[in-house]
Amino acid sequence: MSDAAFSDDDERSLLEEIMEILPYNDYWYGFTIFEPLYDLASFILENVTAHRLDATESTTQVFPNVSEERVADSTERRLPDDIHANYAFKLIDIVLKEWLVSKGVQYMDDERFGDPYQIPDQKGNDNYYSLMALFGPPLESKKLKLSKDIDLRLRNETLLLIISRVDIPLDEILFLKDTYVELKTSVKQNCEFIWVPIHDGAWTTSLEERYTKVSQMMPWYTVEHPTFITEETKQFVRDVWKFYRKPIIVVLDGYGRVKYPNAIHLMHTWGAKAFPFTRVRERALWMTEVTRLDSLVLSFDHDLSSMLEDQKWVILYGGGDAKWIQEFIALVNEVTKVKSDIYIELIYVGNNTESEQIQRIKDVISAVSPRSHSLSLRKIRYFWTRLESLLISLSQTFSASDHTLDSFIQEVKKLLSYASADSWACLITPSSNLMIHSHGDAMLQAFTEYEVWKHHVHTQDFTKFFKTYIEQLERRGGSGHPCSRIILNIDNKDAVVRLTCPQCTNVMEKKVQYICCHADNELD
């Protein structure tokens with residue numbers, strides 16, 4: 001298997017499994033399909049690595065000696081739609097998935113990830129018929145339109161169904177508009193967005209006004225009116241696609257097949273780069289695009305990204321303790337005065353509190369340090385939303401037994417745990433991919449004791465030294481690591497099945513939190 005050769009016992013076990021599932025009443029069929037099936041299975045078992053099998057490439061890439069055509073051509077009775085090939089690969093799914101799991105190997109079939117979420121009663125093989133199955137015939141009922149009736153131009157394009165309540169947050173609309181424009185201009189991909197507003201209960205004048213206002217902000221197709229969506233479709237969206245309150249994005253390919261039941265976290269993480277918004281693309285991005293987590297964390301804002309490129313230190317800090325923030329800013333400014341060859345940018349990123357409190361802290365910062373870089377409230381909220389999306393994307397892409405990006409996941413969890421902290425800070429330097437962070441007391445003490453570490457600033461191992469120094473301060477302070485809390489603002493509690501603590505690696509206890517902010521919508 002992954003750590004040992006394919007043994008004789010493995011081979012006998014596999015043979016028995018295959019023979020048990022082959023059709024008993026058609027010996028010739030079973031015999032002719034057995035050889036290619038066994039070749040495929042043997043290749044998988046002999047070459048699987050890293051405790052997982054990724055079905056992310058074409059058959060000829062993964063199995064260079066055995067292809068779907070070979071399976072189909074292995075019999076003279078070639079039936080329509082390559083039924084022999086389909087049957088062989090169905091057998092592999094059934095037999096090998098359970099067999100590999102029983103051997104401790106994770107089978108991750110990204111290509112079939114969307115299978116449980118397909119649209120029922122589809123009368124044709126393109127996305128036009130998928131839309132008809134959900135909303136009725138668009139050309140006849142005109143239920144689906146932008147400023148023009150939907151037509152055949154949407155066929156064979158990737159469709160992103162934006163499913164939300166009528167009061168979709170303004171931040172989300174603006175983010176989707178940015179991504180939509182990038183897809184249409186910079187990336188130039190053939191895809192379309194369709195807004196599907198879901199509403200239950202009586203329809204009122206105020207809801208009509210809100211719907212009109214929101215739909216006018218969207219430069220893409222929309223369902224003409226929420227009341228046209230049937231109860232059957234609403235039930236499907238809730239039961240199968242797991243829509244509750246937060247917006248989701250369901251991705252359909254040109255054949256009308258669901259490729260991703262909720263790509264909103266993928267889009268928050270990678271933007272237009274994630275096209276065509278599939279699990280295959282998601283895994284490829286994580287495996288090929290990530291070099292430094294700090295660069296990824298800062299990439300949501302061009303000005304922040306350029307700071308590291310300009311060889312500046314970046315300190316992210318947050319919380320609602322105004323006194324700590326004033327002291328910390330003063331200490332950092334003192335260090336830059338003493339060490340004139342260090343340029344530090346302080347970036348306040350708030351926390352998961354209401355906008356009014358964050359704005360009050362921003363006002364305090366402006367008074368203390370008027371020239372400091374300031375993020376808008378929208379950017380601050382997006383910073384935390386994106387961190388959540390990073391964690392969800394990583395958790396859904398890599399299993400607990402796959403340690404490929406463990407260090408990334410741990411760092412993202414640590415940053416998210418500060419969302420409910422009174423004070424914290426994180427130092428990022430251009431010369432190292434280490435992110436050095438802690439709660440407010442330790443970081444304040446570290447800059448108070450600048451004389452202890454100033455001689456190490458320009459050494460190659462400065463970040464390692466400073467990280468160790470912060471850990472010593474935590475122990476010296478006697479506080480150690482306070483309880484870690486990671487709050488994910490998501491509806492689907494199963495989006496992340498389990499999390500280990502970013503500090504002690506114990507499995508974290510999952511709790512449910514209910515909150516109401518008594519606000520209708522920022523559009524008002």
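Two strands are taken as paired if DSSP finds at least two bridges between them. With that criterion in hand, the predicted model can be read outward from strand E5, residues 191-198. Two bridges join E5 to strand E6, residues 221-223, and the two strands run parallel. Within this pairing, Trp195 stands opposite Thr222 of E6. The chain gets from E5 to E6 by way of helix H9, residues 205-216, in a right-handed β-α-β crossover.

Strand E5 also pairs with strand E4, residues 158-165: eight bridges join them, and here too the strands run parallel. Leu159 is found opposite Glu192 of E5. A right-handed β-α-β unit is formed by E4, helix H8 (residues 170-184) and E5.

How, then, are the residues of E5 placed with respect to the surface, buried or exposed? Eight of the eight are buried, so the strand is largely enclosed by the rest of the structure. In a regular strand, side chains alternate between the two faces of the sheet. In E5 both faces are covered: one side carries Cys191, Phe193, Trp195 and Pro197, the other Glu192, Ile194, Val196 and Ile198, and all of these are buried. Cys191 has a relative accessibility of 0% and therefore counts as buried, the cut-off being under 20%. Cys426 likewise has 0% relative accessibility and counts as buried. As for disulfides, with the sulfur atoms of a cysteine pair required to lie within 2.5 Å, the count comes to zero.

Attention now turns to a loop residue. Ala272 sits in the loop between helix H11 (264-270) and helix H12 (279-288). With a relative accessible area of 3%, Ala272 is buried. Which residues does Ala272 touch, leaving aside those up to four places away in sequence? The contacts are Thr179, Glu182, Leu183 and Val187. For one of these, Glu182, the C-alpha atom is separated from that of Ala272 by 6.3 Å, although the two residues are 90 apart along the chain.

Helix packing offers a further view of the model. Two packed helices are described by the angle between their axes and the distance between the axes. For helix H19 (residues 440-448) and helix H21 (residues 462-476), the axes come within 9 Å and cross at roughly 120°. The crossing of H19 past H21 is right-handed. On the H19 side the contact involves Ala442, Met443, Gln445, Ala446 and Phe447, which meet Phe466, Tyr469, Ile470, Leu473, Glu474 and Arg476 of H21.

How values were computed. Residues numbered from 1 in each chain as written. Predicted model: local features only at pLDDT ≥ 70, side-chain atom pairs only at ≥ 80, totals over all residues. Heavy atoms only, no water. Buried < 20%, exposed > 50% of the residue type's maximum accessible area, 1.4 Å probe, protein only. Helix = DSSP H or I, 4+ residues; strand = E, 2+ residues; numbered from the N terminus. Right-handed = clockwise from strand over helix to strand, strands pointing away. Contact = heavy atoms within 4.5 Å. Axes fitted to C-alpha atoms, helices over the stretch in contact; angles between N-to-C directions. Left-handed = near helix turned anticlockwise from the far one by under 90°.
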